[in-house]
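Let us take a walk through this model together, with an eye on how charged side chains pair up. Keep the sequence at hand as you read.

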Amino acid sequence: MSSGPAVPSSEPTVTPEDPSDGVTTVLGEAEIARALTRIAHEVVERNKGAHDVVLLGIPTRGVPLAERLAERLATIEPGLVPADVVGELDVTMYRDDLHRHPVRTIGATRLPASGIDGKVVVLVDDVLFSGRTIRAALDAISDIGRPRAVQLAALVDRGHRELPIRPDYVGKNLPTSLSERVSVRLVETDRTPDDAAGEPVTDAVLISQRPTSTSSEGTR
């Protein structure tokens with residue numbers, strides 16, 4: 001996935017989200033915004049512009065992250081229209097764990113009007129863990145087109161890879177143990193109608209102890 005190693009970020013500074021349940025905030029709203037702005041500049045620099053770049057978000061939270069990146073690219077590249085470069089890629093039927101979780105909701109794959117042939121496709125996901133979701137995404141891409149190159153952007157890389165996959169762009173390198181769970185909370189995906197009357201939902205990357213039951217997050 002990468003011609004060179006991702007540059008590690010500084011060690012995370014965690015703050016308690018709720019000390020009573022052991023949840024800490026690794027990145028807050030401002031840090032996430034800065035990370036996405038930096039990634040957008042790195043995409044432009046590496047590809048010598050962004051007019052041949054297509055951002056494909058991997059559901060669920062990779063999609064709004066891709067949309068935010070597209071908006072940032074448009075502020076850097078004059079004339080670029082965010083809607084023309086962003087899409088989403090459903091990888092459900094390409095996963096290698098369907099025999100363990102046979103009941104899955106199949107989502108939609110939505111490509112920009114220009115397609116992906118000859119383009120630089122940047123896959124966008126929230127948390128990179130085992131790498132199996134990205135392997136499924138690569139298989140899905142091979143069935144819908146032939147891009148010039150495929151790159152990977154992850155808001156958080158928590159390590160513990162099971163496949164030889166590395167991100168090209170990383171918002172935060174987060175060393176974790178397998179007993180910990182990393183969750184990304186975004187306004188677009190995690191706000192409910194009830195939140196309007198209560199505490200507002202803000203963007204955050206949270207870390208907590210993994211429940212004893214197997215979590216789907218462990219297969220990402």
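The paragraphs below go through some salt bridges one by one and end at a serine in a strand.

A word before we set off: the model you see is predicted. Side chains of opposite charge can pair when their charged atoms come close. In this structure, 11 salt bridges are found.

A good place to begin is helix α1, which spans residues 29–47. Here Glu42 and Arg38 form a salt bridge through their side chains, with an N to O distance of 3.4 Å. Why do Glu42 and Arg38 lie about one helical turn apart? Because they are four residues apart in helix α1, about one helical turn separates them. How open to the surroundings are the two partners? Glu42 has a relative accessible area of 27% and is partly exposed, and Arg38, with 33%, is partly exposed as well.

The next pair reaches across the chain. Glu88 and Arg110 meet through their side chains in a salt bridge of 3.5 Å, N to O. This pair links distant parts of the chain, 22 residues apart: Glu88 sits in strand β4 (residues 86–88), while Arg110 belongs to the loop between β4 and β5 (120–128). Arg110 is partly exposed, its relative accessible area being 35%.

Now turn to Glu162 and Arg132. Their closest N and O atoms are 2.6 Å apart, and the two residues form a salt bridge. Glu162 is in the loop between β6 (149–157) and β7 (169–173), whereas Arg132 is in helix α3 (residues 132–144), so this salt bridge ties together parts that are 30 residues apart in sequence. Glu162 is partly exposed at 47% relative accessibility, and Arg132 is partly exposed at 26%. The salt bridges also include a joined set: Arg68, Glu188 and Asp203 make up one network through bridges that share partners.

Our last stop is Ser208, in strand β9 (residues 204–209). Is Ser208 buried or exposed? Its relative accessibility is 17%, and because buried means under 20%, Ser208 counts as buried. Which residues does Ser208 touch, leaving aside those up to four places away in sequence? They are Gly22, Val23, Ser179, Glu180 and Arg181. If you center your view on Ser208 in strand β9, you can look for each of these contacts in turn, starting with Gly22 and Val23.

How values were computed
Residues numbered from 1 in each chain as written. Predicted model: local features only at pLDDT ≥ 70, side-chain atom pairs only at ≥ 80, totals over all residues. Heavy atoms only, no water. Salt bridge = Lys/Arg side-chain N within 4 Å of Asp/Glu carboxyl O. Helix = DSSP H or I, 4+ residues; strand = E, 2+ residues; numbered from the N terminus. Buried < 20%, exposed > 50% of the residue type's maximum accessible area, 1.4 Å probe, protein only. Contact = heavy atoms within 4.5 Å.
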